Amino acid sequence: MKKLVIISALCGFSLLNVFSQSTEGNNNTWIPTQTRYLGFNATQPNNTFLQFRTNNINRMVLNGFRNTAVNGQPSLDRDGYLGLGRNFGTANNWNDVTGNPSGGPLSLLHLNGYEGSIMGTGGFRNWMRSGITITANDDIMYMGPRANALDRTDAMFVWGDNSQTGEFGPDNLLFAFTAGFGTTGNDLDGTAPNGREIMRLTATGNVGMGPRFSNSAQPQSQLHINGENAVNTWFQLSNQIGTGMTAADGFRAGVNNVGNTYLYNQENAPMIFSTNASTVSQLARERMRLTHVGAPGVPVTAATGTTRVAVSVDPAFPLTEPRSLMHIGGRLSGQAGSTDGVRDWMNVGYLATFGTDNIYVGMKDEGQDRQDAVIAWGDNQTDLINGSGPDNLRFIFANSQFSLSPGTPEAKSDNGQEIGRFTPACAGCPVNTGSFGIGNFSPTIIQNGNIVNNPNGPNSAGYIGATLDVNGDARIRTVELDNSLNQVLVRDSNDFGRIYWRDASTLGSGNFGGQCGNATSATLVQNTEVPLGGFNLIFSGQNAASDRVGIGTNCLPSAKLEVNRALTIPNEINKSGFSVLNSDVSAPGNYSGMGFGLRSIADGPNRNNFGGYFKSTGSYSNIGVESVCDEAAFVNGILVTNIGGKFSAFNSFTNVAVDGRAISYTDGSYVNKGGSFQGAGFANGSAYGISAIASGTDNSTVYGGYFSAVGAINGSSDVYGIYSTGMPYLGVPPNNTWAGFFDGNVNGTAFFSSSDAEIKDINGSITNATNRLNSLNVYEYHYNDFASTFMATDNQMHYGVIAQELETVFPSLVRNATFQYNPDSLGNTESKTIKTVNYTELIPILIAGFQEQNERINQLQSQLLACCTSGDTRSQEYENQTGAVVSVRLHTEDSPRLGQNIPNPFDVQTRIPVYLPVSVAKAEIIFYSNEGKVIQNQLLFDRGEFSVAADAETLASGIYSYTLYVDGKPVETKRMVKK
């Protein structure tokens, strides 16, 4: 078959030759010199587009000579570019987003889809030449090369957009798998209309791997891996030979179906952590190591697969064989297998090593159910006296070095304050054993003009010369008495304070009386009086361990003056171990000065001082101190103040005016009161069981009362920090009785009220709570001048009800209270009756109101669901109950139509019927929440009658709507109900 079209003969243009496609080998015999082709003669001056049509519609165009600018880029020749698809422009042109001729096609091959109303050029670049450009739905993508320099070409996969935000963005690059027919299906197996999304790249540079991403749920990180529903999601690294490629190989990091996150090395190899190191250098630069099964190899007694963690101080020489559950520091002596004091039993604990030194804190297995807690330190112990060892176990306190921070200079120094140290050597001991020094054995000492921290020698401050060496004073709180002993401890100052024992009989005696324990010849034979004669009788001597006076004691009085009264006259009513009477007076009517019946002062540094110590034991009723002040209200017309006891503590770091303790150390039923106080008032007076006032300055913390209660170790006791009872007396109205009245804010971690059914007589449930609550007014307020002046209030905004208004609705929630204020110097106060509100019992009333409201909401929801589900699946809406009106949507046969979803209401999936004429350019359905918020928009590419499958598994129950938009205009809206 042969076909020849000669345009010059038909149209009169003698210079334009057009040839058809050759279909036979000899059809060009009449022009033997011509090559067979389809198109225009390239030598003609009117060279232009070559167009291909079907049904008289442009389907494809091949550029002739073309030079145009696109998307603001410089003008560029586009000769020979081929465009296939929809033509938005004139017969010889494609238009850009502004409607102007674009000079398309844009690349060597340009495919233009039928979605959208324009050919999108947003994002186009002039280097997109030698590849394939695809435009559709007003957007663009490109696949092809990009030349950077001579013989340097990148392969590019590009998608572009006219906008990244708002109505027209963002656009994404998606990789998806599809299967089945795509009308309905599951987005996880690819049978849904959009298939299963495998990966998504966003314009912000984030990459999402996995399903269920969308424009409203974009990837949130540069690499975001998401698993569907509650599936376990893993990130895995492996190689072909070293690890294998199965699911059980290599390294995995992920999250399980309940949100737990995991790091797994699935190989039998350690997990190594490093920073500031390059993997290219292949050098060990590990910071931390988590061992594997078969490791660490040492100690040999450790079970295979025992967990071990190593943290290396020097990553160039890492701890590759951790010896304990937690091992930090550096290699021992630079050798991986060196011991240097480490033992095999140092397993379950913490081990720190550096060089030849180490410390272990953990457990030591001593047999069945015997796991001792151990602190051990190790050393090579090369030289006990003058060499580099042994090393010590030291206890150091380091205070803040801030200039205004309190603390001793030693504690604020760089080295800190040493409290004590253990050392394995004891050169000055009778038996060479370990020793413990209490105090600072590392003071800075100047020797020969040089600073020496720990000089050798028994006279140096850093020398521990005994099994227990105390650098400072010592005290033993309790020592048992045994008069049959005749040995005492003495301190030898010539032997650096070492303690020895000495026979008491060798201490000798004086000239007054006889030797203690052997003074029969000096016994008094009659009552003896020593008249002082205007002179003083002095017992001199200030030695701490001697120079004491004892009356009725043995030869070792325990105090500077000790008085001991033993049994003398049986059944004597009043007995006093020590009695003092001071009847001296001041000038008549002067009432100046102070008279002390007994004055006791303890004022000594570096000790606990007791101004008075009183102890009473051994009887049915024991009172350590009883103080009585009993004087008439007026003496010589002057008002008298009686204070049973007055205690003061001033000017120390901790000041305690009264410290009361009552403790039972044996089992049984006891009542122990640290303090018992009683105040009784008569004749309209005030009575205070305890009156406590605390004041402070300079940002101090002030407690009017501080109470602490700690339960028994077996947890069986009831513990009350404060137990307060307010009991009304006969004839006193209950409104004036309170277990506690606090003027000011009350703070606590938890508040509980008694609500046990065992103490309640139920009268019924709360009814009509909503209406009663609605009758209350809630105010915001500040406290007035009276409250600000006489009560502990603040100037903050507060919220609440008015007691008088609440009393008219819930009278039992309001009570009167008497507020005492404005005390004078005699303790007299003014009083004011105020109304108080029980806010706690408002809570159950609010609960009842909430329940009533919830019941009403459920009724309204049921009515709303019944109303919204009465429509059918056609355009006719419904007929009202009177039958008077029928609403019908009118449309032509070829008009776009939106049907009612089926079923409605629905559980998870529903189907929406749609009809779109073929003339529709762009159509989409937009889904809305009941509040009008856009949930999702879905472009529609089919024409004619079809259905849209909607999967609403993640939506909450409620009412939603969907609207059909055709060529940018709304057509119809329907409601649907999710169960």
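User: In which loop does A192 lie?
Analyst: A192 belongs to the loop between β12 (172–177) and β13 (196–202). Strands are DSSP runs of E with at least two residues, helices are runs of H or I with at least four residues, and both are numbered from the N terminus. The model is predicted: local features need pLDDT of at least 70, side-chain atom pairs count only at pLDDT 80 or more, and totals for chains, interfaces and linings use all residues. Residues are numbered from 1 along each chain as its sequence is written, and side-chain values use heavy atoms, with hydrogens and water left out.

User: Why is A192 called buried?
Analyst: Buried means under 20% relative accessible area, exposed means over 50%, and partly exposed lies in between (1.4 Å probe, protein chains only). A192 has a relative accessible area of 11%, which is under 20%, so the word buried applies.

User: What makes G182 a contact of A192, and which other residues are in contact with A192?
Analyst: Contact means heavy atoms within 4.5 Å. Apart from neighbours within four places in sequence, A192 is in contact with G182, G185, N186 and D187. The C-alpha atoms of A192 and G182 are 5.0 Å apart, although ten residues separate the two along the chain.

User: What share of the 979 residues of the protein chain counts as buried?
Analyst: Across the protein chain, 22% of the residues count as buried. This chain has six helices and 48 strands.

User: Why is I551 called partly exposed?
Analyst: I551, in strand β34 (residues 549–551), has a relative accessible area of 47%. That value falls between 20% and 50%, so I551 is partly exposed.

User: What makes I551 eligible for a patch, and which residues form that patch?
Analyst: A patch takes residues with over 30% relative accessible area and no salt bridge; like charges are joined within 9 Å, and nonpolar side chains (Val, Leu, Ile, Met, Phe, Trp, Tyr) within 5 Å. A salt bridge is a side-chain nitrogen of Lys or Arg within 4 Å of a carboxyl oxygen of Asp or Glu. With 47%, I551 passes the area cut-off. The nonpolar surface patch consists of I551, L561, V563, F578, V580, L598, F614 and V625, with about 740 Å² of accessible area together. Such areas come from the Shrake-Rupley method with a 1.4 Å probe; for residues, only the protein chains shown count as cover.

User: How do you know that β23 and β24 pair, and in which sense?
Analyst: Two strands pair if DSSP finds at least two bridges between them. β23 (residues 349–355) and β24 (residues 357–365) share six bridges in the antiparallel sense, so the condition is met. L351 stands opposite Y360 in β24, and one residue lies between the strands of this hairpin.

User: How many bridges join β24 to β25?
Analyst: β24 and β25 (residues 371–378) pair in the antiparallel sense over eight bridges, with G362 opposite V374 in β25. Their hairpin has five residues between the strands, and G367 takes a positive phi near 125 degrees there.

User: Why are β26 and β31 called edge strands?
Analyst: The open sheet of four strands runs β26-β27-β28-β31, with mixed pairing. β26 (393–397) and β31 (468–470) each have a single partner strand, so one side of each has no neighbour in the sheet. Inside this sheet, β27 (residues 417–423) and β28 (residues 435–438) pair in the antiparallel sense over four bridges, and G420 stands opposite I438 in β28.
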